[in-house]
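Q: I'd like to learn how to read strands, rings and charges in a model like this one. Could you walk me through it, feature by feature?

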Amino acid sequence: MISRSLVFKVAAFLAVALSIAPSSVHAAAALIDSATKIQFDDTLGGLSLFGVGVRKKGPIKVYSVGMYSDDETKASISSIPKSNKDGALSTLRTSLKSATATIFLLKMNFKVGAEKMAAAIAESVAPRTSDKAAVETLKKLILDGVATKGAATPGTVLRFDCSSETGVKVSVDGKEIGAAPGLCEAFCDVYLDDKAVSPALRNSCVENCCT
């Protein structure tokens with residue numbers, strides 16, 4: 001027969017274990033773009049969320065973007081202080097070159113025509129690469145994906161999977177359209193270099209991933 005004292009000891013142990021378990025897990029939290037109130041999940045395709053930001057055209061908040069990548073990349077900047085923003089972003093861009101995968105998830109906040117949306121992204125990538133044929137391929141993939149619904153309306157989701165092996169894979173609202181080879185680094189730079197189209201995303205990555 002089990003003694004009452006043993007039952008109490010087991011119950012006490014379980015109570016303590018359950019009370020400390022949640023604090024021992026440091027999972028990345030979902031983030032909300034403060035400019036558009038659009039939310040991004042903490043993980044996507046096994047990758048962790050680094051940061052979110054808005055893409056503006058003048059006063060118009062066109063879309064929100066979230067960046068996801070692997071744990072090794074996040075670890076590469078985790079010990080860099082937030083005050084060293086330039087150093088953190090430089091290290092991040094270097095680490096992404098060898099990352100298993102990086103995803104840029106665009107969630108539309110403002111209606112943009114298919115041709116205009118495709119051209120805008122292609123024009124941002126073009127100055128960052130010498131492979132003009134690949135840029136044209138990327139432009140056509142975006143156009144084909146968005147044209148099926150007429151325009152990139154609010155709520156439309158464009159996903160760009162970047163890797164050194166496949167280049168940039170384009171999906172629209174969950175449907176894979178195709179891939180443009182050799183543009184991984186250039187596409188990442190669109191959002192992370194000194195002339196990035198979303199300074200807010202750069203700031204968010206530093207704020208959420210550095211010490």
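Q: In which sense do β9 and strand β10 pair, and over how many bridges?
A: This is a predicted model, and in it β9 and strand β10 (residues 167-172) pair in the antiparallel sense over six bridges. The two strands form a hairpin, with three residues between them. For a single position to look at, take Phe160, which stands opposite Val170 in β10.

Q: Which other strand is joined to β9, and how do the two run?
A: Strand β6 (residues 102-108) is joined to β9 by six bridges, and these two run antiparallel. Here Phe160 turns up again, as the bridge partner of Phe104.

Q: How should I think about side chains along a strand, and how many residues of β9 are buried?
A: The general idea is that in a regular strand the side chains alternate between the two faces of the sheet. Now the case here: strand β9 (residues 157-163) is mostly covered, with five of its seven residues buried. For the protein as a whole, buried residues make up 44% of the 211 residues.

Q: Next, rings. What describes an aromatic pair?
A: Two values do: the distance of the centres and the angle of the planes. The count in this model comes to four aromatic pairs. One of them is Phe104 with Tyr191, a stacked pair at 5.0 Å centre to centre and 20° between the planes. Phe104 lies in strand β6 and Tyr191 in helix α6, so the pair ties together parts that are 87 residues apart in sequence.

Q: Are Phe104 and Tyr191 buried or exposed? And which residues form the aromatic cluster?
A: Phe104 and Tyr191 are both buried. The cluster is formed by Phe104, Phe160, Phe187 and Tyr191, so you meet Phe160 of the β9 pairing once more, as the bridge partner of Phe104.

Q: Let's move to charges. How many salt bridges are there, and which residue does Asp189 bridge to?
A: The count comes to nine salt bridges. Asp189 forms one with Arg93, where the closest N and O atoms are 3.0 Å apart. This pair links distant parts of the chain, since Asp189 is in helix α6 (residues 184-192) and Arg93 in helix α3 (residues 85-96), 96 residues apart. Look at the accessibility too: Asp189 is buried at a relative accessible area of 11%, while Arg93 is partly exposed at 29%.

Q: What salt bridge does Arg159 make, and at what N to O distance?
A: The side chains of Arg159 and Asp161 meet at 2.8 Å, N to O. Arg159 counts as partly exposed at 26% relative accessibility, and Asp161 counts as buried at 13%.

Q: How far apart are the closest N and O atoms of Asp194 and Arg202?
A: They are 3.9 Å apart in this salt bridge, which is counted because the cut-off is 4 Å. Asp194 is exposed, at 68% relative accessibility, whereas Arg202 is buried, with a relative accessible area of 10%.

Q: Where does a lysine charge sit over a ring?
A: Try Lys74: its charged end sits over the ring of Phe50, 5.0 Å from the centre. Lys107 likewise lies over the face of Phe40, at 4.6 Å from the ring centre.

Q: To zoom out, how many helices and strands does the protein have?
A: Its secondary structure comes to seven helices and 11 strands. Of the contacts between residues at least 6 apart in sequence, 62% join residues at least 24 apart.

Conventions. Residues are numbered from 1 along each chain as its sequence is written. This is a predicted model: local features need pLDDT of at least 70, side-chain atom pairs count only at pLDDT 80 or more; totals for chains, interfaces and linings use all residues. Side-chain values use heavy atoms; hydrogens and water are left out. Helices (H or I, at least four residues) and strands (E, at least two) are DSSP runs, numbered from the N terminus. Buried means under 20% relative accessible area, exposed over 50%, partly exposed in between (1.4 Å probe, protein chains only). Contact means heavy atoms within 4.5 Å. Two strands pair if DSSP finds at least two bridges between them. Rings of Phe, Tyr and Trp (its six-membered ring) pair if their centres lie within 6.5 Å; planes under 30 degrees apart count as stacked, over 60 as edge-to-face and the rest as tilted. A charge sits over a ring if NZ of Lys or CZ of Arg is within 6 Å of the ring centre and within 35 degrees of the ring normal.
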